[in-house]
Amino acid sequence: MSLDVNDLVIEIDGRRVVDGIGFSVASGARFGIIGESGSGKSLTTLAILGLLPEGATATGSIRLDGDELLGCSDRELARTRGARIGTVFQDPLTALNPLRTIGRQLVEPLELHGRLRRTQRRDAAVRLAELVHLPDPERIVDRYPHQLSGGQRQRVAVGIAVACRPGLLLADEPTTALDVTIQSEILALFRSLVDESDAALVFVTHDLAVLSEISTDVLVLAHGREVESGPVARILNAPAHPVTAGLVAAARATSWQPSEGSAA
Amino acid sequence: MSGTVAQRTRRPRTPTWLREVLRRPAGLAGAIIIAALLVVAAISIFWTPQNPFDVDPFHQWEGPSLRHPFGTTGSGQDIFSYLFAGARTTVAVAFLSSVVAAVVGVALGALGSLTARWFRESVAVLIDILIAFPTLLIAIMLAAVFGSSLWTLVIAVGIGFGVNIARVSRGEIRRVARSDYVLAAQASGSGPWRILFDHLLPNIAPVFIVQLSLSAAVAVLSEAGLSFLGYGVSSSTPSWGRMLSILQNYVTIYPATVVWPGLAITVTVLGFNLFGDALREATDPRLRRSRRASEREVRDVA
């Protein structure tokens with residue numbers, strides 16, 4: 001499935017917060033959107049989902065496999081969300097309903113889109129738990145979110161996102177709230193899921209180091225405008241814009257390696 | 001693997017929330033009080049120890065005896081039988097007005113938080129206006145127009161506490177509606193009704209249930225109070241409140257008699273409050289298990 005965003009403008013109370021950005025993601029591609037806080041990257045994902053906050057409006061064009069999403073009714077969008085677009089949000093501690101078991105939440109998209117009978121619920125939940133490599137799938141589906149670690153909860157969130165085998169996977173800073181070792185596990189999970197399912201991945205982050213691990217192409221945003229786009233390797237090695245250079249410098253600073261003289 | 005799965009799904013669903021309520025001493029006490037009230041109310045429909053309306057001029061103001069366990073009134077009515085029969089009024093008022101309060105509270109709370117801005121702000125103003133009217137005043141106004149009956153009382157008390165619940169639930173729904181898991185559920189394709197019933201209402205339930213058990217308790221008091229004032233249920237319906245209002249005229253002369261309806265009201269109110277408190281804890285899985293059990297579970301999963 002492919003995603004084409006053209007001339008997307010998002011306004012909040014008449015103020016332009018995203019100003020005419022565009023990008024295309026082909027089936028099986030891993031695309032990254034990077035920018036500082038407030039650059040409009042999260043709003044872009046919400047616009048694709050049709051879930052912009054109250055008072056925000058989007059104009060332009062967002063096409064999923066040629067179908068225009070902007071201007072669709074809520075009902076049509078609800079049929080698309082979860083079924084054709086899977087989403088993972090930033091904070092795994094708050095993205096799960098605290099009162100429902102892991103199993104019920106894993107299969108929720110399947111139930112919403114009428115792909116599951118009640119009797120198959122448990123089997124499907126266990127299969128999804130296995131798919132995202134949760135430990136002890138048979139038992140974890142009966143647990144509640146507060147009984148899981150942050151990394152496990154994010155695996156659950158990924159499982160929910162891919163439950164209906166959507167053609168487009170949106171990930172809005174899914175590793176930001178996790179520590180570094182868990183981060184690379186989740187990134188590996190994303191890579192393998194995209195490779196297996198041939199879905200298109202849109203990965204939003206502010207961390208260039210994370211981006212270089214997951215995506216092949218990147219769009220750099222600043223203050224709602226595109227400043228640069230292209231293959232990750234080129235942007236990383238030869239940033240053409242000062243904003244990109246700043247992000248690269250920040251990534252270098254956080255992944256600073258001790259020199260030979262200092263203790264390992 | 002499939003065998004164990006089939007077994008698990010076929011296991012009969014026991015209401016965990018009830019088990020959890022009964023596990024707690026306070027919840028058990030509340031449940032016993034409410035159950036006793038329900039049993040007495042049910043029996044009183046068919047049978048009372050004596051006819052509660054029988055007047056006996058030869059046995060006025062009697063103290064407790066085998067024939068009259070709680071004594072008799074100034075007209076010789078058996079207080080025990082009268083309270084026994086009054087239980088069904090109390091039960092009806094408590095449950096019916098709680099249902100009305102819950103419906104009014106959820107409907108106004110949802111309309112006041114999930115709709116377009118101008119509409120929900122108007123609902124908020126409406127809620128504030130309605131809250132400004134004391135419940136007893138609403139009941140008296142309704143009774144003046146429609147005559148005093150069980151239904152006017154139930155509707156008045158239901159609306160009175162409904163708007164209180166609406167104010168609390170409005171804020172709570174708004175808080176939960178902004179949470180990430182609601183956004184995530186929308187991103188999974190949940191429609192507005194599903195969001196409301198699957199995610200918003202269960203997550204405001206702890207606050208809601210306390211309010212509701214409180215409203216059941218206060219409904220019992222309101223019925224007593226209104227009957228005391230003469231605006232309650234009609235005089236052919238036995239009521240603890242009316243008994244209290246009749247007997248309190250003689251409280252300086254026969255103080256022992258007035259204790260019984262007062263005690264019945266107090267214990268019932270206490271029962272609803274205890275049950276509601278335990279229910280609030282039981283509906284939240286985070287509060288549900290003992291600390292040690294949940295630690296063990298975390299260890300198992302990790």
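Contact here means heavy atoms within 4.5 Å, and helices (H or I, at least four residues) and strands (E, at least two) are DSSP runs, numbered from the N terminus. This is a predicted model, where local features need pLDDT of at least 70, side-chain atom pairs count only at pLDDT 80 or more, and totals for chains, interfaces and linings use all residues. Residues are numbered from 1 along each chain as its sequence is written, chains are lettered from A and ligands numbered from 1 in the order in which they are written, and side-chain values use heavy atoms, with hydrogens and water left out.

**Exercise 1. Work out how α3(B) and α4(B) meet, and which residues are in contact.**

Step 1: get your bearings in chain B, which has 13 helices and zero strands. Of its 302 residues, 45% count as buried (under 20% relative accessible area; exposed is over 50%, partly exposed in between, with a 1.4 Å probe and protein chains only).

Step 2: look at the axes, which are lines fitted to C-alpha atoms, for helices over the stretch in contact, with angles running from 0 to 180 degrees between N-to-C directions. Those of α3(B) (residues 25–46) and α4(B) (residues 79–114) come within 7 Å and cross at roughly 115 degrees.

Step 3: list the contacts. On the α3(B) side you'll find B:Ile34, B:Leu37, B:Leu38, B:Val40, B:Ala41, B:Ile43, B:Ser44 and B:Ile45. They meet B:Phe84, B:Ala85, B:Ala87, B:Arg88, B:Val91 and B:Phe95 of α4(B).

Step 4: sort them by type. Ala, Val, Leu, Ile, Met, Phe, Trp, Tyr, Cys and Pro count as nonpolar, Asp, Glu, Lys and Arg as charged, and the others, Gly among them, as polar. That gives 12 nonpolar residues, one polar and one charged.

**Exercise 2. Lay out the four-stranded sheet of chain A and place α1(A) on it.**

Step 1: the sheet is open, its order is β2-β1-β4-β5, and the pairing is antiparallel. Two strands pair if DSSP finds at least two bridges between them.

Step 2: find the edges. β2 (15–25) and β5 (67–68) of chain A each have a single partner strand, so one side of each lacks a neighbour in the sheet.

Step 3: now the pair β1(A) (residues 3–12) and β4(A) (residues 56–64), which run antiparallel over eight bridges. Here A:Asn6 sits opposite A:Ser61.

Step 4: add the helix. α1(A) packs on the sheet, touching β1, β2 and β4 of chain A, and its direction makes about 110 degrees with that of β1(A). Eight of the nine residues of α1(A) (residues 41–49) are buried, so the helix is largely enclosed by the rest of the structure. Among these buried residues are A:Lys41, A:Leu43 and A:Leu49. Right after the helix comes A:Gly50, with a positive phi near 75 degrees.

**Exercise 3. Describe the hairpin of β9(A) and β10(A).**

Step 1: β9(A) (residues 217–222) and β10(A) (residues 225–231) pair in the antiparallel sense over six bridges. A:Leu221 faces A:Glu226 across the pair.

Step 2: check the turn. Two residues lie between the strands, and A:His223 has a positive phi near 50 degrees.

**Exercise 4. Establish how many disulfides there are, and where A:Cys72 and A:Cys164 stand.**

Step 1: searching the whole structure for disulfides (a pair of cysteine sulfur atoms within 2.5 Å) turns up zero over all chains.

Step 2: A:Cys72 is in no disulfide, and its nearest cysteine sulfur, that of A:Cys164, is 18 Å away.

Step 3: compare exposure. A:Cys72 is partly exposed, with a relative accessible area of 26%, whereas A:Cys164 is buried, at 4%.
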